[in-house]
Amino acid sequence: MTADNHFCDLTGHASSQLQTSVFYEIKDMARGETVTFLFAEDPAIILHSLNLQLRNNLRWELSEDPGQHWRAVIHRAEDVPPVDVLDMLKRDHKRLDAMFSQVIHLTDNGQLEMAHGLMRAFTEGLRKHLRVEHDLLARAIRTPPNAQGFDPSAAMMQEHDEILNQSVMIEAGFEEADASSASIGPLLAILAGYLSKHEQREEATLFPVWTGALNKAPEQARTALFNKVMEILQD
């Protein structure tokens, strides 16, 4: 067992304690580290639940040992390659969120020039992200309106336009002669709240639909789309 690979035997733990036990073992896991767990029963449901709690930051390999124990090797998501298009989008959500949080931090501390440069990078990254969601996925995978006439794809596209417009407006705000933390900070706070709600709605309503549609597509088409999305987001 290497120094960056820890082992934890949970075969004697009560089922009600397993998720909490795993959480405390991995909560401070650093980049490059892994934790190997041994379970008495299949832990797939526990791991998926914990991953939701941790905003999809975990990846794991699960296997059953000959002695009827289950072995799970858990990594941080950023230590392993993305597995599909939706995984890439979720990771890009996190990347953009982290970038925007840094814009807020710099602005609050009066470092407006640095905040402005990072805001430009955020807006450019946002355009690429929306190109994938809006132009590739939403246009190809239709979501017909429900009985109340609500179409989640149409709603998402409308929110995309609003998010991009607000981002461009904030970027321009940094260029005003009288730009200050007091003038820009409230705009950043409004957009931060809007972004958070949008991402939660999108991952809850559209991502499952997109996942189902992509799973039914031929492997060659899925691979081509994966490569195209990778090219756009990493350009």
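How do H3 and H6 run relative to each other, roughly parallel or roughly antiparallel? The views below answer this and other points for a predicted model.

**Figure 1. Packing of helix H3 against helix H6.** Helix H3 covers residues 85–108, and helix H6 covers residues 181–216. The two helices pack at an angle of about 175 degrees. Their axes lie 11 Å apart. Angles over 145 degrees count as roughly antiparallel, so H3 and H6 are roughly antiparallel to each other. The residues of this contact divide into 14 nonpolar, 5 polar and 6 charged.

**Figure 2. The largest nonpolar core.** This core holds 19 residues. Those with the most contacts inside it are Val 85, Leu 86, Leu 89, Val 132, Leu 137, Trp 210 and Val 229. Five helices are named as suppliers of at least two residues each: H3, H4 (112–140), H5 (152–173), H6 and H7 (219–234). H7 gives the most, with 5 residues. In soluble globular proteins, nonpolar side chains tend to be buried together.

**Figure 3. Surroundings of Trp 210, and a second core.** Which residues does Trp 210 touch, leaving aside its neighbours within four places in sequence? Its contacts are Leu 86, Leu 89, Glu 133, Leu 137, Ala 138, Ile 141 and Met 156. Among these partners, Leu 86, Leu 89 and Leu 137 are also listed with Trp 210 as having the most contacts inside the largest core. A second nonpolar core is separate and has 18 residues. Its members include Leu 96, Met 99, Leu 112 and Ile 170.

**Figure 4. Asp 92 in helix H3.** Is Asp 92 buried or exposed? Its relative accessible area is 5%. Buried means under 20%, so Asp 92 is buried. Beyond its neighbours within four places in sequence, Asp 92 is in contact with Gly 125, His 129 and Leu 233. Gly 125 and His 129 fall within the residue range of H4, and Leu 233 falls within that of H7.

**Figure 5. Gln 19 in helix H1.** H1 covers residues 18–26. Gln 19 has 23% relative accessibility and therefore counts as partly exposed. Two polar contacts involve its side chain. One joins it to the side chain of Ser 49, at 3.2 Å. Another joins it to the side chain of Gln 53, at 3.2 Å. Setting aside neighbours within four places in sequence, Gln 19 is in contact with Ile 46, Ser 49, Leu 50 and Gln 53. Ile 45 is 26 residues from Gln 19 along the chain. The C-alpha atoms of Gln 19 and Ile 45 are separated by 9.7 Å.

**Figure 6. Asn 5 in strand S1.** Which side chains make polar contacts with the side chain of Asn 5? One is that of Thr 34, at 2.8 Å. Another is that of Thr 36, at 3.3 Å. With neighbours within four places in sequence left aside, Asn 5 is in contact with Thr 34, Val 35 and Thr 36.

**Figure 7. His 6 in strand S1.** His 6 has a relative accessible area of 36% and is therefore partly exposed. Not counting residues up to four places away in sequence, His 6 touches Glu 33, Thr 34, Val 35 and Thr 36. Thr 34, Val 35 and Thr 36 are also contacts of Asn 5. In sequence, His 6 and Thr 34 are 28 residues apart. In space they are 6.3 Å apart, C-alpha to C-alpha.

**Figure 8. Ala 14 in the loop between S1 and H1.** Strand S1 covers residues 5–9. Ala 14 is partly exposed, with a relative accessible area of 36%. Leu 195 is 181 residues from Ala 14 along the chain. The C-alpha atoms of this pair are separated by 39 Å.

**Figure 9. The protein chain as context for the close-ups.** The chain has 7 helices and 4 strands. Along the sequence, they follow the pattern β-α-β-α-β-β-α-α-α-α-α. The C-alpha trace spans about 70 × 45 × 35 Å along its principal axes. Of the 235 residues, 40% are buried. Among contacts with a separation of 6 or more, 70% come from residues 24 or more positions apart.

Key: Residues numbered from 1 in each chain as written. Predicted model: local features only at pLDDT ≥ 70, side-chain atom pairs only at ≥ 80, totals over all residues. Heavy atoms only, no water. Buried < 20%, exposed > 50% of the residue type's maximum accessible area, 1.4 Å probe, protein only. Contact = heavy atoms within 4.5 Å. Polar contact = N/O pair within 3.5 Å; in protein donor to acceptor, adjacent residues only side chain to side chain. Axes fitted to C-alpha atoms, helices over the stretch in contact; angles between N-to-C directions. Parallel < 35°, antiparallel > 145°, perpendicular 65-115°, else oblique. Nonpolar A, V, L, I, M, F, W, Y, C, P; charged D, E, K, R; others polar. Core = buried A, V, L, I, M, F, W, Y, C linked by side-chain atoms within 4.5 Å.
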